[in-house]
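Subject: Structure handover

Hello,

Here is the structure I said I would pass on. Please open it and keep it in view while you read the notes under it.

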Amino acid sequence: MIASALRRIGQQVLPHPILSVALFLVWMLMASPAGAGHATIALIVALLVPQVMRVLEPDMVKVRNPVAIIRLLWRLKIDILVSNWNTAKIILGHRKAVRKAGFVNIPLECSNRYALACLAIIVTSTPGTTWVQYDRYSRVLLLHVLDLREEDDWKAILHNRYERLLMEIFP
């Protein structure tokens with residue numbers, strides 16, 4: 001009974017303990033010089049921000065297939081390296097047939113907001129592509145690409161390389 005009371009008090013004070021620790025550590029890493037004043041402010045931020053998160057009541061993230069996360073990260077690592085190389089060749093003018101930049105409308109099957117957020121991060125962190133707009137009603141993504149090929153190529157790349165894995169990860 002005492003243990004459950006202490007657990008409830010702990011959940012009231014630190015509803016998101018990992019977030020609290022991360023906020024404190026990031027604040028202290030960014031503080032220069034790190035002293036008692038910065039530690040006090042970091043502690044206040046680390047205690048108050050999770051309280052706001054509790055009020056917002058974010059949904060718990062459910063992961064269906066954790067192994068797919070590893071496959072996605074590996075694929076993303078390779079794709080970012082290749083994209084960096086290809087983008088550098090275009091920008092530096094070392095590509096023989098430079099294609100034009102443009103916009104592509106890509107219909108998506110995925111509707112999970114966490115999967116869509118991950119897809120937005122993936123697309124924007126990959127050089128040469130930018131997530132411009134997403135219409136949640138029609139589920140169409142407007143994508144800007146530096147090296148515009150056929151629209152069907154970009155649809156296949158996004159769907160086969162990322163969207164399918166994200167749909168495996170997030171139910």
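The notes below go through the strands, one helix, a few single residues and the two pockets.

Please keep in mind that this is a predicted model. The values that follow were computed from its atoms.

**The strands**

Start with β3, which covers residues 140-145. Strand β1, residues 102-107, is joined to β3 by six bridges, and the two run antiparallel. Strand β2, residues 129-135, also pairs with β3 in the antiparallel sense, again over six bridges.

Some individual partners will help you find your way. Ile106 has Leu141 of β3 as its bridge partner, and Asn105 stands opposite Leu142 in β3. From the β2 pairing, Tyr134 stands opposite Leu141, while Asp135 has Val140 as its bridge partner in β3. Leu141 therefore turns up in two of these pairs, with Ile106 and with Tyr134.**The faces of the strands**

Two of the strands have a covered and an uncovered face. In β1, the covered face is made of Gly102, Val104 and Ile106. Phe103, Asn105 and Pro107 form the uncovered face of β1. In β3, Leu141, Leu143 and Val145 are on the covered face, and Val140, Leu142 and His144 are on the uncovered one.

Gly102 lies in strand β1. With a relative accessibility of 10%, Gly102 counts as buried, because the cut-off for buried is under 20%. Its C-alpha atom is 9.1 Å from that of Arg149, although the two residues are 47 apart in sequence.

**The hairpin**

β2 and β3 form a hairpin with four residues between the strands. Arg139 is in the loop between β2 and β3. The phi angle of Arg139 is near 60°, which is a positive value in a residue other than glycine. How buried or exposed is Arg139? At 32% relative accessibility, Arg139 counts as partly exposed.

**Helix α5**

α5 has 13 residues. At 1.5 Å a residue, the helix should span 18 Å, and its end C-alpha atoms are 18 Å apart, so the two values agree.

Which residues of α5 are buried? They are Ala115, Leu116, Leu119, Ile122 and Val123. Looking down the axis of α5, these buried residues fall within an arc of 120°, so they line one face of the helix.

The loop between β1 and α5 contains Ser111. At 48% relative accessibility, Ser111 counts as partly exposed. Ser111 and Thr130 are 19 residues apart in sequence, and their C-alpha atoms are 19 Å apart in space.

**A residue in α4**

Ile90 is part of helix α4. Its relative accessibility is 13%, so Ile90 counts as buried. Along the chain, Ile90 and Gly128 are 38 residues apart, and their C-alpha atoms are separated by 9.6 Å.

**The largest pocket**

The largest pocket has a volume of about 400 Å³. It is lined by 21 residues, and the closest to its centre are Ser83, Thr126, Thr129, Arg149 and Trp154. The elements that give two or more residues to this lining are α4 (66-91), α5 (113-125) and α6 (151-169). Which of them gives the most? That is α4, with six residues.

By type, the lining of the largest pocket divides into ten nonpolar, six polar and five charged residues.

**The second largest pocket**

The second largest pocket has a volume of about 160 Å³. Among the residues that line it are Val63, Ile69, Leu72, Leu73 and Leu76. Cys118, Ile121 and Ile122 are also in this lining, as are Leu166, Ile169 and Phe170. You have already met Ile122 as one of the buried residues of α5.

At least two residues of the lining of the second largest pocket come from each of α4, α5 and α6. The largest share is that of α4, with four residues. How many of the lining residues are nonpolar, polar and charged? Eleven are nonpolar, with no polar and no charged residues.

If you want a place to begin, find β3 first, with β1 and β2 each paired to it over six bridges. Then look for α4, which gives the most residues to the lining of the largest pocket and the largest share to that of the second largest.

Best wishes

Definitions and conventions. Residues are numbered from 1 along each chain as its sequence is written. This is a predicted model: local features need pLDDT of at least 70, side-chain atom pairs count only at pLDDT 80 or more; totals for chains, interfaces and linings use all residues. Side-chain values use heavy atoms; hydrogens and water are left out. On a 1 Å grid over the protein atoms alone, a cavity is a set of points where a 1.4 Å probe fits but cannot get out, and a pocket is an open set with protein on both sides within 12 Å along at least five of seven lines; lining residues have an atom within 4 Å of a point. Grid points are joined across faces, edges and corners, and a volume is the space filled by probe spheres set on the points. Ala, Val, Leu, Ile, Met, Phe, Trp, Tyr, Cys and Pro count as nonpolar, Asp, Glu, Lys and Arg as charged, and the others, Gly among them, as polar. Buried means under 20% relative accessible area, exposed over 50%, partly exposed in between (1.4 Å probe, protein chains only). Two strands pair if DSSP finds at least two bridges between them. The expected span of a helix is 1.5 Å times one less than its number of residues. The arc is that of the directions from the helix axis to the C-beta atoms.
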